[in-house]
Amino acid sequence: MTKTGNAVRQIVLIAAMTAILEVSKFALNAIANVELITLLVMLFTRKFGWKLSLASVLLFAGIESLWWGISIWTATYFYVWPILVLISALTADVRSPVINAVIAGIFGLLFGALCSLLTLITAGPSAALAWWIAGIPYDLVHGAANFVICLVLYKPLETALSHIRVF
């Protein structure tokens, strides 16, 4: 395959991953802090590599910012989801659904704390602490939902992705 052909395949794959992230986010928008993004990013990173996954989550963050407007929470997507790509790349050899569910759950629990980092920079420590504390109930839901979703869907989605041959 030529370099151009490979680049085109990568662009198409990034677009497909981003579309899947957007559709899954939109499908669950009515349920606060319940999402498939965490699981999908973990699986995409492990299957297609950190570079393509990073491009996809940055496009996802950009689309979310265009759709919802640029605000503190949409701006945080530009660093929070890449952190998950990094975590997923570092734990790429972990195949246990239980361990992956724990990783996803912890990420959900820490989501508000990660998001409060931007508030720390823009508004100071008191505002960041208030932001984080106010969001703890949502983080508990996020962590529990991530854990259950990953526990139930990790293996089936990993199996489905294993049948995709891109390169």
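These legends walk through several close-up views of a predicted model.

**View 1. Helix α2 packs against helix α5.**
Let us start with two helices: α2 covers residues 37–48, and α5 covers residues 97–123. Two packed helices are described by the angle between their axes and the distance between the axes. Here the angle is about 125°, and the axes lie 10 Å apart, which makes α2 oblique to α5. The crossing of α2 past α5 is right-handed. On the α2 side, look for T38, M42 and R46; their partners in α5 are N100, I103, A104 and F107. Sorted by class, this contact of α2 with α5 holds four nonpolar, two polar and one charged residues.

**View 2. Helix α2 also meets helix α7.**
Which way does the crossing of α2 and α7 turn, left-handed or right-handed? The crossing of these two helices is right-handed. Their axes cross at roughly 35° and come within 8 Å. From α2, the residues taking part are T38, L39, L40, L43, F44, R46, K47 and F48. From α7, they are H142, N146, I149, C150, L153, Y154, L157, E158, L161 and S162. The contact of α2 with α7 divides into eleven nonpolar, four polar and three charged residues.

**View 3. A close look at L39 in helix α2.**
Is L39 buried or exposed? With a relative accessible area of 3%, L39 is buried, because buried means under 20%. Setting aside neighbours within four places in sequence, L39 is in contact with I149, C150, L153, Y154 and L157. Another residue to find in this view is N146: L39 and N146 are 107 residues apart along the chain, yet their C-alpha atoms are separated by 7.5 Å.

**View 4. Helix α6 meets helix α7.**
Helix α6 takes in residues 125–134, and helix α7 takes in residues 136–162. Their axes come within 5 Å and cross at roughly 50°, so α6 is oblique to α7. Which residues of α6 should you look for? They are W132, I133 and A134, and they meet I136, P137, Y138 and D139 in α7. By class, the contact of α6 with α7 has six nonpolar residues, no polar ones and one charged residue.

**View 5. L114 and its contacts in helix α5 and beyond.**
Back in helix α5, we come to L114. This leucine has a relative accessible area of 18%, so L114 counts as buried under the 20% cut-off. Beyond its neighbours within four places in sequence, L114 is in contact with Y79, V80, I83 and F107. F107 is also one of the α5 residues that meet α2. For a sense of scale, L114 and V41 are 73 residues apart in sequence and 17 Å apart in space, C-alpha to C-alpha.

**View 6. Two cysteines, C115 and C150, that are in no disulfide.**
How many disulfides does a search of the whole structure find? The search finds zero. For C115, the nearest cysteine sulfur is that of C150, 19 Å away. For C150, in turn, the nearest cysteine sulfur is that of C115. C115 counts as buried because its relative accessibility is 6%. C150 counts as buried too, at 0% relative accessibility. You have already met C150 in this tour: L39 is in contact with C150.

Terms used: Residues numbered from 1 in each chain as written. Predicted model: local features only at pLDDT ≥ 70, side-chain atom pairs only at ≥ 80, totals over all residues. Heavy atoms only, no water. Axes fitted to C-alpha atoms, helices over the stretch in contact; angles between N-to-C directions. Helix = DSSP H or I, 4+ residues; strand = E, 2+ residues; numbered from the N terminus. Parallel < 35°, antiparallel > 145°, perpendicular 65-115°, else oblique. Left-handed = near helix turned anticlockwise from the far one by under 90°. Contact = heavy atoms within 4.5 Å. Nonpolar A, V, L, I, M, F, W, Y, C, P; charged D, E, K, R; others polar. Disulfide = S-S within 2.5 Å. Buried < 20%, exposed > 50% of the residue type's maximum accessible area, 1.4 Å probe, protein only.
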